[in-house]
Amino acid sequence: MRTLLVGLDGACRGVLDPLFADGVAPTLASVFDDAASAPLQSQIPPWTPSAWPSLYTGVNPGKHGVFDFLAFDGYDWGLVSREHVREHALWELLDRHGLSSVVVNVPVTAPPRPFDGALVPGYVAPEDPACHPEGTLADVRDAVGEYQVYAPADVDGDEQVEWYERLVAMRGRAFRHLADEYDPDFGFLQFQQTDTVFHERPEDEDAVRAVFSAVDDELAATLDACDPDTVVVASDHGIGPLGDWEFRVNEYLREAGFVRATRGEGGMPSWTRIDRGREGDDGGSALAAKLVAAASAVGLTSQRVGRALDAVGLREFVLDHVSTDTVRAGTERVDFAASVAYMRSRTELGVRINRAGRDPEGVVSPSEYPSVRADVVSALRAARNPDGERVFSAVRPAGEYFDGPYVDDAVDVVAVPKRFDTYLSASLRGDVFDEPTEPWNHKRDGVLAAAGDGVDADAALDDPHLFDVAPTVLASLGVPPSDRMDGEALPLVDGPPPEAYPRFDAAEPTAVDDAAVERRLSNLGYLDDHEH
């Protein structure tokens, strides 16, 4: 293998350094000891479903089109997937240059597009995701035993930690099996549990150590089996403790006259305080993913929630675990169509204006839009927590963070919490401020390290950005990055200048020589063994 990219969701030096000092992750520590490394600035918003597509395409969300866990169509919504990512992944660009890849557990990669190699999707995929090539999941399970995307929803205590370790081991075993089958030029192995553990067990030091020890074991085995020339470690964002406050943006906007509420149809249902007391986000919970996927499949209204839960067999589980707070929260929601401006989803980090001509029942005319946006910006900039501190470090029009053909799909006003210390909520639950729903959440700075052949470990890394990862990986393989990429190859590797690639067309598969792929699979014995 020429280049191995290891993805650690939510990792940062604040998490890693104590583990390195205590000898919990010696293999990972040795990579960093030999590497050029630096904090890696994430994008806005620094959340898994938008950040990983930015990392693997090298472009901002305005160009690839994914801003959140949810994709909105007017006031309707569904769970994001690879079909919403409208730009080439780096392994698809490698394919155009005759290089093969194995990709395991990377979020927002289902359903996969064809390329020379193999892909097993990660987070937000269904439990039994479509893989590339067809039959890959069965092949992996035949070869290495059980393979799941998520842990069971009802595990806790020691069993939950054991599942973290099992899921980590599944990723490593699957990756090594596929690397052995395909002998790829490039490998991408991602671990999600490094983030999950901090969302679900943030104060449990033993659980954190167990997860990173398991990751380290799989990294050691993978380095030994694949012997990559170059190793790149990257995270999509950092993670750390929150401050004292949760800020309910829509309650604040309701007081300012922007939000209207409804107890009938429309708006965003609330999944707050389900099971472990968390609002559904990217902690890796199978329950949260199933709830969102099920609800998006059958509609938004509270009257349809029971049907959605029945569809995934979760009605009894939820009835046993949902608190009365959740029931009350579910009876009142933001009325998207009647509101002037509102937060659709807390992980979008911003406010959408209900603009006529764009949104189905828009109430803000195009001529009024600039002044309404300015009013929203002013209102959010004025927000102070009960301690008298500003809630946001920056409140700006979306165009200052995103550019590209899909900017209109984003929020209109981006609001960045100060130091990312405040937990934002989109729920309508009475008070504007309360204690945070969870004690840890995402931070802007992740981590980057690169070591191996052709890597200048002494290179100065001046504020590397998430968008720089894809062009840097391509450069390590001698492949030109796309001239549409917002990042650039970091000076730690030498590579060719950017070149123009064909525009991404979701209706057309990646340019793959099908006959060549079939020959490759046949040579590996895959076609004979699996009848594909």
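How many bridges join strand 10 to strand 17, and do they run parallel or antiparallel? I began my notebook with this pair, and I note that the model is predicted, that local features need pLDDT of at least 70, that side-chain atom pairs count only at pLDDT 80 or more, and that totals for chains, interfaces and linings use all residues. Residues are numbered from 1 along each chain as its sequence is written, and side-chain values use heavy atoms, with hydrogens and water left out.

**Entry: the sheet**

I found that strand 10 (residues 246-248) is joined to strand 17 by three bridges and that the two run parallel; strands here are DSSP runs of E with at least two residues, helices are runs of H or I with at least four residues, and both are numbered from the N terminus. Looking for a specific partner, I saw that Phe247 is bridged to Leu424 in strand 17. The wider arrangement is an open sheet of three strands in the order 17-10-18, with mixed pairing, where two strands pair if DSSP finds at least two bridges between them. Strand 17 (423-425) and strand 18 (433-434) are the edge strands, each pairing on one side only.

**Entry: Glu332**

I placed Glu332 in the loop between helix 14 (324-331) and strand 12 (333-334). Its side chain makes a polar contact with the side chain of Arg254 at 3.1 Å, a polar contact being a pair of N or O atoms within 3.5 Å in which, within protein, one must be able to donate a hydrogen and the other to accept it, and residues adjacent in sequence count only if both atoms are side-chain atoms. Leaving aside neighbours within four places in sequence, I listed Arg254, Ala261, Thr262, Arg263 and Leu428 as in contact with Glu332 (heavy atoms within 4.5 Å).

**Entry: burial and cysteines**

I then turned to helix 8 (residues 193-200), where eight of the eight residues are buried, so the helix is largely enclosed by the rest of the structure; buried means under 20% relative accessible area, exposed over 50%, and partly exposed in between, with a 1.4 Å probe and protein chains only. Among the buried residues of helix 8 are Asp195, His199 and Glu200. Cys131 is buried at a relative accessible area of 12%, and Cys226 is buried at 11%. Counting disulfides as pairs of cysteine sulfur atoms within 2.5 Å, I arrived at zero.

**Entry: the whole chain**

For the chain I recorded 18 helices and 20 strands, with 61% of the 532 residues counted as buried.
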